[in-house]
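Reader: I am new to this structure and would like to go through it slowly, one question at a time. Could we begin with a single residue and then work outward?

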Amino acid sequence: MNTFRWIAARKQLSPRAFKDELTSQIWFSPLIYAFFSVLLAALTLFLDYYCKVGEKVPSFFSINMDLTNTLVSTIMPGILSITTFTFNLMLVVFTSFAAQFSPRVLKNFASSKSTQRILGIFIGSFLYTLFVFLFLYTLYC
């Protein structure tokens, strides 16, 4: 229900004000990074399994499936822990900003492009490794 109210309240804004309002939200930029990471995972898997790009790579670079599964299953929890640690630090900063500074500072930090970009890169990289790992697991197990 809150989503409909949010959309109804934003319909009254001009297109430029709507764009500014949308990009100032902390979830917007990470959502774009997550979308592109899923597209990149789909493109990677498409190139590997349908276009057979892996057959054109020299044998020096090819490894067996068990090693690939081990590498991806090791990288994925590492990325998840880095993402969790970063998000936890951002919440600590939000809490300290909310307690010690004005609400404008908190809004500026949340709408900062670097804050959104860091969170988006970590979430996107985790989603990429998650989709690749799930696809490899369902394909070969």
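Reader: Is Lys52 buried, partly exposed or exposed?

Author: This is a predicted model, and in it Lys52 is found in the loop between H3 and H4. Buried means under 20% relative accessible area and exposed means over 50%. Because its relative accessibility is 39%, which lies between those limits, Lys52 counts as partly exposed.

Reader: What is the phi of Lys52, and is it positive or negative?

Author: Most residues other than glycine have a negative phi. Lys52 is not a glycine, and yet its phi is positive, at about 55°.

Reader: Which residues make the nonpolar surface patch of about 960 Å²?

Author: One of its members, Phe46, is found in helix H3, which covers residues 28-49. Phe46 counts as partly exposed because its relative accessibility is 42%, and this is over the 30% that a patch residue needs. The full membership of the nonpolar patch is Leu40, Leu43, Phe46, Leu47, Tyr50, Val53, Val57, Phe60 and Phe61.

Reader: Helix H3 also holds Ser37; which backbone oxygen does the side chain of Ser37 reach?

Author: Ser37 has a relative accessibility of 8%, and because this is under 20% the residue counts as buried. Its side chain makes a contact at 2.7 Å, and the partner is the backbone oxygen of Ala34.

Reader: Where is Thr83, and at what distance does its side chain reach the backbone oxygen of Phe122?

Author: The place of Thr83 is in helix H4, which runs over residues 65-100. Thr83 counts as buried because its relative accessibility is 11%. From there, the side chain of Thr83 reaches the backbone oxygen of Phe122 at 3.3 Å.

Reader: How many Å separate the C-alpha atoms of Val72 and Ser102?

Author: Val72 lies in helix H4, and it is buried because its relative accessible area is 15%, under the 20% limit. Val72 and Ser102 are 30 residues apart along the chain, and the separation between their C-alpha atoms is 43 Å.

Reader: What is the C-alpha to C-alpha distance between Ile118 and Thr86?

Author: The place of Ile118 is in helix H6, and the residue is partly exposed, with a relative accessible area of 44%. Along the sequence Ile118 and Thr86 are 32 residues apart, while in space their C-alpha atoms are apart by 8.5 Å.

Reader: And how many Å separate the C-alpha atoms of Ser125 and Ser81?

Author: Ser125 also has its place in helix H6, and with a relative accessible area of 25% it is partly exposed. Although Ser125 and Ser81 are 44 residues apart along the chain, the separation of their C-alpha atoms is 12 Å.

Reader: How far apart in space are Val105 and Arg5, C-alpha to C-alpha?

Author: Val105 has its place in helix H5, made of residues 103-110, and it counts as partly exposed because its relative accessibility is 31%. In sequence Val105 and Arg5 are 100 residues apart, and in space their C-alpha atoms are apart by 26 Å.

Reader: Which elements give two or more residues to the positive surface patch?

Author: The positive patch is formed by Arg16, Lys19, Lys113 and Arg117. The elements that each contribute two or more of these residues are helix H2 (15-23) and helix H6 (113-140).

Reader: Is Arg16, from that patch, buried or exposed?

Author: Arg16 lies in helix H2. Exposed means over 50% relative accessible area, so with a relative accessibility of 67% Arg16 counts as exposed.

Notes
Residues numbered from 1 in each chain as written. Predicted model: local features only at pLDDT ≥ 70, side-chain atom pairs only at ≥ 80, totals over all residues. Heavy atoms only, no water. Patch = residues over 30% accessible without salt bridge, like charges linked within 9 Å, V, L, I, M, F, W, Y side chains within 5 Å. Areas by Shrake-Rupley, 256 points an atom, 1.4 Å probe, with all protein chains shown as cover. Salt bridge = Lys/Arg side-chain N within 4 Å of Asp/Glu carboxyl O. Lys, Arg positive; Asp, Glu negative; His and termini not counted. Charge placed at Lys NZ, Arg CZ, Asp CG, Glu CD. Helix = DSSP H or I, 4+ residues; strand = E, 2+ residues; numbered from the N terminus. Buried < 20%, exposed > 50% of the residue type's maximum accessible area, 1.4 Å probe, protein only. Polar contact = N/O pair within 3.5 Å; in protein donor to acceptor, adjacent residues only side chain to side chain.
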